[in-house]
Every structure is written in structure tokens, then in C-alpha cells.
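Let's learn to read a structure together, one feature at a time. Have a look at what comes next, and then we'll talk.

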Amino acid sequence: MFVAVVFVATSFNFFLPRFTGQDPIATRLELLAAEGVTTRAEDYKALIETYNAKFGLDRPLVFQYLTYLSSAVRFDFGASITKYPTRVGELINQAMPWSIGLLVTSTLLAFVVGTLGGAVLAWQHGPKAAFELILPPFFLLAAVPYYLLGLILIWLLAFQAKLLPLGGGYAPTTLPDWSDFGFLFEVFKHSLLPALSIVLASIGFWALGMRSMMITMQGEDYMLQAEAKGLTKTRSFFRYAVRNAVLPQTTALALTLPHVVSGAILVERIFGYPGVGRVLYEAITGFDYFVIQGVVYIIVLAIAFAMLVIDVIYPLLDPRISYSSA
Amino acid sequence: MATTASTEPLAPASNVASDTLNRASGLWGYMKRNPSIIAGFVLLGIIVLFWAFGTLMTAPEDAKDLAFAPPNKRPSLQNPHPCYTSENPRELCFAYDNEERQHLLGTDRLGKDILASFSQGIPQTVMIGLIAGSLGTIVGTLLAFAAGYYGGILDAAIRFIVDTLQTIPGILILIIITIAWREVGGGEMTFIQLALIIAMLAWLGPTRVVRSQVLVMKQRSYVEMARLSGMNGPEVILKEMMPNLMPFIVANFVLAVSSAILASIGLEALGLGDFSSNTLGMMIYHNIWYGSLVNGWWWWWSPPIVVIVILFIGLFMLSRGMDEWANPRLRRRF
């Protein structure tokens, strides 16, 4: 499955832009011409040919495809068309830590808070009243796209209250220095708003899923047994109900990662966050096919990998499933 | 809610003369026990009212990009009516009250009347959702029946394609397709075409969910009975399974519409939409592009957000309520 997903996605990625019959080099030169760089007609033709040869766009499609596949395996996507000497890999490498730091933290935070909240909400013996007041607004927020929530948060917390910066990864006046504590704090402050918009918008999703799982679990016989054994409420809550109800949630976590990525493209765009989403956005607006291919490939690979990891750790969470006996 | 469900009778006594009345009141009786559906309809109704209000108060020309109209006018309650009518043509109108002309919700950076943009954009966005959602639901349901009912290689193939495509973030595929499509069309793309692009992936969800329902239903005794009595495949599907799955498919249709609108707004906000349209997503795009948040043009960025939020929450409540209606076993739980 892992290989199939990656292969299909990569091929998609290769053929779709090429079926358009559009010439990225010509597009780029037109852009240059619009900026005032003029060339004579015969030079223009030679220029296109040279560039096409340089980027390997003049060869038969099959060869291009094979080259592309081998470059995908080697993680080498060539140079960006719009930012010419920069390699695609370099662009992605710079952006990746920002995205991973933001997305993984906020998704896991939302997962933990939402799952626990949903569990308590469904638990008959728990402090229900407080949660019944707090959680339902989050159910509604879950129906709202991340980036719209982001816009509202920018306006409330950054523009009106001036508590947090408007956007960006760090203040434009400072130089990145990862050993400096002040810089780290600044990065944290800048990531707070985008993270908050992702967390607020997805807590409800996790809480809803967990709640309905917990309600099902409470009808199970082993819950009755836990009660009959005289276990404490806390113990039967965590070891019997939550332990079982969290399994589908974990699967959902793997399946939701794609949506996190897609939501994050716009979150990064709105907050001007220097992550992969912004690289992709700039590539889209600049018709930079190689960068688009590289970014899409990396994202798909990351998701496929995450699903593989979930598959592998599943037996640890659920002892009933084991790969050795199967 | 669970307690009312058990005490109230499903429908009023059967001695009501008119059958339709009986059915309608039965429906109303059910709706009363399903507040999600009511909330959904009320929220969507608010949007319809807002659209109707905008259509009454503005002329379609107001939503056009007018280079000579004064941009960024604050909302005003004074003289909000369009000054031009059939007797009072547009050129004349703008000639004399360019500055005095007031707008209920103000104008945007391009000089468009914001209320007029909504009266155009809401139907356009809903249209995208309906086209992509219904195409996705129809194709998905057909594939689901083909896969679930007939099984075999067909099932394996459909399942493989769905599983693979669902792993890849939909928005990435849509981004690539949209760029490709726009390039073919010379940079132009109508919002109907955007809807068709979104429909290319909209069938994945319905296929998966309906297929699993078909698999369960295939084992039911009445389906087996129909097969034993000599009905062929399409007959069983159309006459026995389809009517029973209809509520479930309708509930999924609402969900498909909602996710199609979500996808369209996402693509448009990224700048991959129809620039000649006024869809809600294009409004968000223009807001981001002109930085209306930091410029303090609250009357421009807040209405589309409010409308989109109401729209999504309305669709969400509706689909939850429909789910409950389609799947009666859920009724006891919630």
C-alpha cells in the first residue's frame, strides 16, 4: 500500500502538468519579458531550446518520466525555475522544520485535548457539567475551516489586542540564530497564532469521535466486569474505556494528516509562515513545476510514512492485533 | 432527547382525514425530536434571507469591478438604494452621485458594493457545492453498488483506487489539476469548471461509505429473497436496495456538498479561482491579497467570514441531523 500510494501520487504529479501542453520555460520568459527583459526573436528561440535542454524538457516523455522517477527516489528535483540557481531540495529543506514544528505540535495537542475531553464528556461518572459547557462550541468550530479561524484570531489577538505578532516565522528585523534563547522565544511567539487556529478548529473533531466511541464502549461487557471487580472509577476509565476507545482515534489520526496538511497550506499563507505551504503557494503563483512536484511528493511521502508508522505501532496499542501470527 | 423519543408516539393518531397532513405532521413531530436538522435549516435559511435581502437592495451592476467607483466606502444606512433604475441609467447615476452614493455594507478595494457581491457570490458558491456534491454522490453511489454488490476484481480495483487517492491530500491533487486546467484555458476558468474539477475527487468519500453499507445490506434476508425469486442485479439494486439506502445517501450528499464548498473556498483563497466571479472564496482571496485585516477594512473581511461560518455550521448541523434520521440506531445514543 505504501509503495502504491507513493507511486500513484508521483506519477500523477508528473503527468498532470505535462498534459496541459504548457511550456514552463516559455511562461518564465514571458514573465521576464513583462518585467522588461527583452530579447530578439531568434535569441528567444535559442534561449527556450537551451533551457529546455538544461531542464531535460526536450526529451521524449518516457525518458523524462524515468529520469523523474529516479530523481524522486534520490530526492533530487533539480533546480527551481523561478529562483533559478536554488535547488528544489534546498527550498524544501529550509521550510520543512517550520512546518513540522508547527503542524506536529498543534495536531498532537489538539488530539490529546480533544480525545480526553470527548472521553470525559461521555463518561457517566465524570465531571460532566463543566465539559458540557466548554466542549460544544468546539464542535461548531470544527465545522469552520482553519484559515478562517486564523483570520479572526489575527484580527482579535494581533490587530486589536496587539498581544502577538501579525505573521511571519520571526520578526523581519532579527537574524535567525537558533542558539539564542531570545530568538527561540520569538519563534514561539510567532507560531502561537497559527498553532492556536489549528488547535481550536480541530479539538472538536477529536472530541466528537472519542465521545461516540466512548458511548459504544460503555455498553460493552468488560466495562460491567471492571465495575464488578470493584476497580476505582479512574482505573476503569483509563485502563478499560479510554484504552479501547482510543484505537479508532489513532487510525483517524493517521487518516486526518492529509487534511492537516491541506489546511496548513492556507494557514501558512495567511500567517506568512515560512513553511512548506508557503513554498508551495509561491511555486503555484510562479508556475514553478519542479518545486510543485517536489513539495507534493514530499508531503505525500510524509503522509504515507505516517500511516506506515501507525500500522507498525498498532499492535503495541492493541494486543489483539499482531503481525507475527497473521 | 432520548427520553422524549421513547414517550412520544411516532405519528399522531391515524384517524386524520388527509394522508398528506398526517405525513407532514409526522415529519414535524420527528423534526421536533431532531433539533440538529432544525438548526441546520434555520442557519441555511438565514443565508437565503441574506441573499434575498441583498438582491432586493442592490443591482447586479453594483458587483462589477468599476474603476471609477470610490473604493473602501464604510457601510452606511443613508440612501442605500441603487440610484440607477430602468429610467435612470447607470452612466447618469454614477455621473451625479459618485461620492454621495452610500452602501449598506460599504464597498471593497475594487469599488464593488459588498452586499451586491454577496447576492451574486452566495448562489455561485452554493452552485459549486451542488454541482460537485451531486456529481460526486451519483458517481460514488453507482461505483459503490458496482463494487459492493458484484464484488470480485471490480470491487478490488475500485477499492484500491479509492484507498490510494484518499491517502493523497485532496487539495494537492486539486491544485495540480486546477493549474493544468487554467493553463489549457489560457488562464481563464469559470466557477462551473472549478466545480467540475472538484467533482473529480468528490466521489471518493461517497464510494467508500456507501459501499460498506451495500455490503451490509447485501446480507439482509429481503435482498436474498429478491435474488432467489429471480430478480437480476440492477433490479435488486434499484427496487430493493436503493429505496432503503436513500436516507443514507441523502445524508451523505449534504456532507459531499459541504466538503465541495470547503475545497472550492480553499482553492479560491489560494488564488486558483474564477476571477470574474464573486464567490465567497474569491472574497476571501481579495481580502488576503489587499491585506484588509491590517488596513482595518473590517466591513470587507468580516461579512464573508460570518457567511462562510454560518454556511458550514448549517451544513454540519444538517448532515448530523440527517445522519440521525438515516441511521435510527444513532437516535438512542445522542
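Q: Among the elements of chain A, which has the lowest mean pLDDT and which the highest?

A: First, pLDDT is the predictor's confidence in each residue, from 0 to 100. Here helix α2 (residues 24-34) of chain A has the lowest mean, 64, and helix α5 (residues 88-122) of chain A has the highest, 83. Some housekeeping: this is a predicted model, where local features need pLDDT of at least 70, side-chain atom pairs count only at pLDDT 80 or more, and totals for chains, interfaces and linings use all residues. Residues are numbered from 1 along each chain as its sequence is written, while chains are lettered from A and ligands numbered from 1 in the order in which they are written.

Q: And which elements of chain B have the lowest and highest mean pLDDT?

A: Where pLDDT is low, the predicted coordinates should not be read in detail. In chain B, the lowest mean, 43, belongs to helix α1 (residues 2-7), and the highest, 91, to α5(B). Over residues 1-16 of chain B the pLDDT is below 50. Chain B as a whole averages 79, and the mean for chain A is 75. For the complex, the predictor gives an ipTM of 0.74 and a pTM of 0.80.

Q: How many helices and strands does each chain have?

A: Helices (H or I, at least four residues) and strands (E, at least two) are DSSP runs, numbered from the N terminus. Chain A has 13 helices and zero strands; chain B has 15 helices and, again, zero strands.

Q: How do I read two packed helices?

A: Two packed helices are described by the angle between their axes and the distance between the axes. Axes are lines fitted to C-alpha atoms, for helices over the stretch in contact, and angles run from 0 to 180 degrees between N-to-C directions. Take α5 (residues 114-150) and α8 (residues 191-202) of chain B: their axes come within 8 Å and cross at roughly 35 degrees.

Q: Which residues of α5(B) and α8(B) meet?

A: Two residues are in contact if their C-beta atoms, placed from the backbone, lie within 7 Å. Met127(B), Ile128(B) and Ala132(B) are among those on the α5(B) side, and they face a group in α8(B) including Leu194(B) and Ile198(B). Of the residues in this contact, 12 are nonpolar, three polar and none charged. (Ala, Val, Leu, Ile, Met, Phe, Trp, Tyr, Cys and Pro count as nonpolar, Asp, Glu, Lys and Arg as charged, and the others, Gly among them, as polar.) Leaving aside neighbours within four places in sequence, the contacts of Ile198(B) include Leu174(B) and Ala260(B).

Q: Why is Phe53(B) called partly exposed?

A: You count neighbours: a residue is buried if 20 or more other C-beta atoms lie within 10 Å of its own, exposed if 12 or fewer, and partly exposed in between, with C-beta atoms placed from the backbone. Phe53(B) is partly exposed because it has 14 other C-beta atoms within 10 Å. You'll find Phe53(B) in helix α3 (residues 35-57) of chain B. Buried residues make up 41% of the 334 residues in chain B and 37% of the 326 in chain A.

Q: Where do the two chains touch, and how many residues are in contact?

A: 41 residues of chain A are in contact with 32 residues of chain B. On the chain A side, α1(A) gives the most, with nine residues. That side has 35 nonpolar, five polar and one charged residues.
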